[in-house]
Amino acid sequence: LVIDHSVQVDVARSADAYEQNSAIEFQRNAERFTFLKWGAGSFDNLLIVPPGSGIVHQVNLEYLARVTFDHNGLLYPDSVVGTDSHTTMINGLGVCGWGVGGIEAEAVMLGQTVSMVLPAVVGY
């Protein structure tokens, strides 16, 4: 889960504006971030990338994408389901990325499958 949203700007025109705005963001959302931190520690397959780590597209490309992963000696292709149109940037690495609506993304987060119509592939 990538926490990707805009940080409200309370401090500007200061060399440490980013640090101050980030600190205020964590104070405002302390309850939410505490809950997410609990979730990350309670579930084996949940990784939380906090705000301030980069925009979601950059985080997907540089941090989360594995291209393939090994599970009990079998290699599986990596994939991502995201709630914006830029999620498919991950396809540049060979990771199958789909941009979907919020309801579909929530279903995937809760372990449900998401069905997709795949386009016909012409040629090789």
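These are my notebook entries on a predicted model.

**Confidence**

I began with the pLDDT values. The protein averages 82. I found that 94% of the residues score at least 70. Then I looked up where confidence is lowest and highest in the protein. The low end is helix α3, with a mean of 74. The high end is strand β2, residues 74-77, at 91. I keep the α3 value in mind for the entry on that helix.

**Salt bridge**

How many salt bridges does the structure hold? I count 1. The side chains that meet in a salt bridge are those of D10 and R28, at 2.8 Å from N to O. D10 lies in the segment before α1 and R28 in helix α1, so the pair ties together parts that are 18 residues apart in sequence. I noted that α1 spans 17-28.

Next I checked exposure for both partners. D10 has 37% relative accessibility, so I log D10 as partly exposed. R28 has 42%, so R28 is partly exposed as well.

**Around D10**

Which residues does D10 touch, leaving aside its neighbours within four places in sequence? I list N21, I24 and R28. R28 is also the salt-bridge partner of D10. I then looked up a C-alpha separation. D10 and N45 are 35 residues apart along the chain, and their C-alpha atoms are separated by 35 Å.

**Helix α3**

I turned to α3, residues 56-64. Its buried residues are V56, H57, V59 and N60. Why do I say they line one face of the helix? Seen down the axis of α3, the buried residues fall within an arc of 165°, so they line one face. What does that face pack against? The buried residues of α3 pack against β3, 79-82. On the other side of α3, I find E62 and Y63 exposed. I repeat the caveat here: α3 is where confidence in the protein is lowest, at a mean of 74.

**Nonpolar patch**

Last, I looked for nonpolar surface. F35, W38 and F43 make a nonpolar patch of about 380 Å². I placed F35 in helix α2, residues 30-42. Is F35 buried or exposed? The cut-off for exposed is over 50% relative accessible area. F35 is at 54% relative accessibility, so I log F35 as exposed.

Notes: Residues are numbered from 1 along each chain as its sequence is written. This is a predicted model: local features need pLDDT of at least 70, side-chain atom pairs count only at pLDDT 80 or more; totals for chains, interfaces and linings use all residues. Side-chain values use heavy atoms; hydrogens and water are left out. Patches are made of residues with over 30% relative accessible area and no salt bridge: like charges are joined within 9 Å, nonpolar side chains (Val, Leu, Ile, Met, Phe, Trp, Tyr) within 5 Å. Accessible areas come from the Shrake-Rupley method with a 1.4 Å probe; for residues, only the protein chains shown count as cover. A salt bridge is a side-chain nitrogen of Lys or Arg within 4 Å of a carboxyl oxygen of Asp or Glu. Helices (H or I, at least four residues) and strands (E, at least two) are DSSP runs, numbered from the N terminus. Buried means under 20% relative accessible area, exposed over 50%, partly exposed in between (1.4 Å probe, protein chains only). The arc is that of the directions from the helix axis to the C-beta atoms. Contact means heavy atoms within 4.5 Å. pLDDT is the predictor's confidence in each residue, from 0 to 100.
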